[in-house]
Amino acid sequence: MQFLVSGVSTGSIYVLIALGLITIYNVTGVVNMAQGEFVMLGAMAAVTLERLGLPLGAAFAGAVALAVLVGALVYRLTIRPARHAPDVTLIIITIGTAIALRGLALLAWGTTPQSLPEFSPGAPVNVLGAVLSRQRLWIMGAAGITLLLLYLFFQGTLLGKAVRACSVNRRAAELAGIDTAAMALVAYGISAALGAVAGIVIAPLTLVSYDMGLSLGLKGFVVAIMGGLVNAPAAVVGGLLLGVLESFASGLVSSGVKDALAYL
């Protein structure tokens, strides 16, 4: 039970990252290999804002807003000008974007790992016989609330339905009068926000550094592939499954096995 609940909380992070990848791919057809850098950016920005004296909630909101802004700039400066390029070219552009963002983060924050305080400090809690830190409950709760908000946005708002229309058929959406370029910008903003939320909620459990997004982004890509890059519900199940498998592999065999298992 300990491994199961811990795995679900880790899988929740993978789900958020994967949903960001799926959102961009559905609307633009681009596989965004820079998604992990939004995770890093959200975490580092939250640490910086918290150290400047902002309350944790305000630091959370400010970091997400900053990530959304960077996501929009990335789309306007890299993907939008090359929107007619071959798919392979667009993927290479996103890899270059990831390297650039990582380099800028290195210049801004250096190599020293940073830390963020737990959202609810206190003794661990007992969940179904498993002992968990309070932050892991925050991770699962944040993932659940985010999924609910995404569902309400895509199903209940005109803007969300326009984004969904672009994911179904971009050409038909254009013929119906939907500005597909604007919807692509919205998709990048949503993706950046999802990555930032993942980075912020996981920050109190691990040291935050400029290169933390690489491995998390690859795990999110694995989960997105499990959903065929288009199926969000399958990615949710796949992300939770991957987190649980990693947890059991790490606990029963060795911590060095979990990454090999994920990529296999």
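A residue is taken as buried when its relative accessible area is under 20%. In the predicted model described here, this criterion is met in helix α3 by A59, A63, V64, A67, V70, G71, V74, Y75, T78 and I79. The helix that carries these residues runs from 56 to 79, and its 24 residues reach 33 Å from the first C-alpha to the last, close to the 34 Å expected at 1.5 Å a residue. An α-helix has 3.6 residues a turn, so residues three or four places apart point the same way. The partners against which the buried residues of α3 pack are α2 (35-51), α4 (87-109) and α8 (180-202).

With regard to the overall architecture, the secondary structure of the protein chain comes to 11 helices and two strands, which follow one another along the sequence in the pattern α-α-α-α-β-β-α-α-α-α-α-α-α. The radius of gyration of the chain is 18 Å, close to the 18 Å that the globule rule gives for 264 residues, so the chain is as compact as a globular protein of that length. Taken along the principal axes, the box filled by the C-alpha atoms is roughly 55 × 40 × 35 Å. Of the 264 residues, 45% count as buried, and among contacts between residues at least 6 apart in sequence, 75% join residues at least 24 apart. The chain exposes about 12,100 Å², of which carbon and sulfur atoms supply 68%. Its charged side chains comprise 13 positive and 9 negative ones, and the centres of these two sets lie 6 Å apart.

Helix α4, one of the packing partners of α3, has 23 residues that should span 33 Å at 1.5 Å a residue, and the distance of 33 Å between its end C-alpha atoms agrees with this value. The buried residues of α4 are L90, T94, T97, A98, L101, R102 and A105, a set that includes the arginine R102. These buried residues pack against α2, α3, α8 and α9. The helix is followed by G110, whose phi is positive, near 75 degrees. Further along, in the loop between α4 and β1 (125-127), lies E118, which is partly exposed, with a relative accessible area of 28%. When residues up to four places away in sequence are not counted, E118 touches L56, Q135 and P204; L56 is the residue at which α3 begins. The C-alpha atom of E118 is separated by 16 Å from that of A61, the two residues being 57 apart along the chain.

Helix α8, against which buried residues of both α3 and α4 pack, contains L194. This leucine is buried, with a relative accessible area of 4%. Although L194 and A67 are 127 residues apart along the chain, their C-alpha atoms are separated by 9.2 Å, and A67 is itself among the buried residues of α3. Leaving aside neighbours within four places in sequence, L194 is in contact with L16, L19, G20, T146 and L150.

Helix α1 (2-28) is the place of A18, a residue that is buried, with a relative accessible area of 0%. Its contacts, not counting residues up to four places away in sequence, are with G220, V223 and A224, whereas M44, 26 residues away in sequence, is 20 Å from A18, C-alpha to C-alpha.

Towards the end of the chain, the loop between α9 and α10 holds L229. The phi of L229 is near 65 degrees, a positive value in a residue other than glycine, and at 11% relative accessibility L229 counts as buried. Helix α10 itself comprises the 21 residues 232-252 and reaches 30 Å from its first C-alpha to its last, close to the 30 Å expected at 1.5 Å a residue. Its buried residues are A235, G238, G239, L242, G243, V244, E246, S247 and A249, a set that includes the glutamate E246. The packing partners of these residues are α1 (2-28), α9 (213-226) and α11 (257-263).

Notes:
Residues are numbered from 1 along each chain as its sequence is written. This is a predicted model: local features need pLDDT of at least 70, side-chain atom pairs count only at pLDDT 80 or more; totals for chains, interfaces and linings use all residues. Side-chain values use heavy atoms; hydrogens and water are left out. Helices (H or I, at least four residues) and strands (E, at least two) are DSSP runs, numbered from the N terminus. The expected span of a helix is 1.5 Å times one less than its number of residues. Buried means under 20% relative accessible area, exposed over 50%, partly exposed in between (1.4 Å probe, protein chains only). Contact means heavy atoms within 4.5 Å. The radius of gyration is taken over C-alpha atoms; the globule rule is 2.2 Å times the number of residues to the power 0.38. Accessible areas come from the Shrake-Rupley method with a 1.4 Å probe; for residues, only the protein chains shown count as cover. Lys and Arg count as positive and Asp and Glu as negative; His and the chain ends are not counted. The place of a charge is taken as NZ of Lys, CZ of Arg, CG of Asp or CD of Glu.
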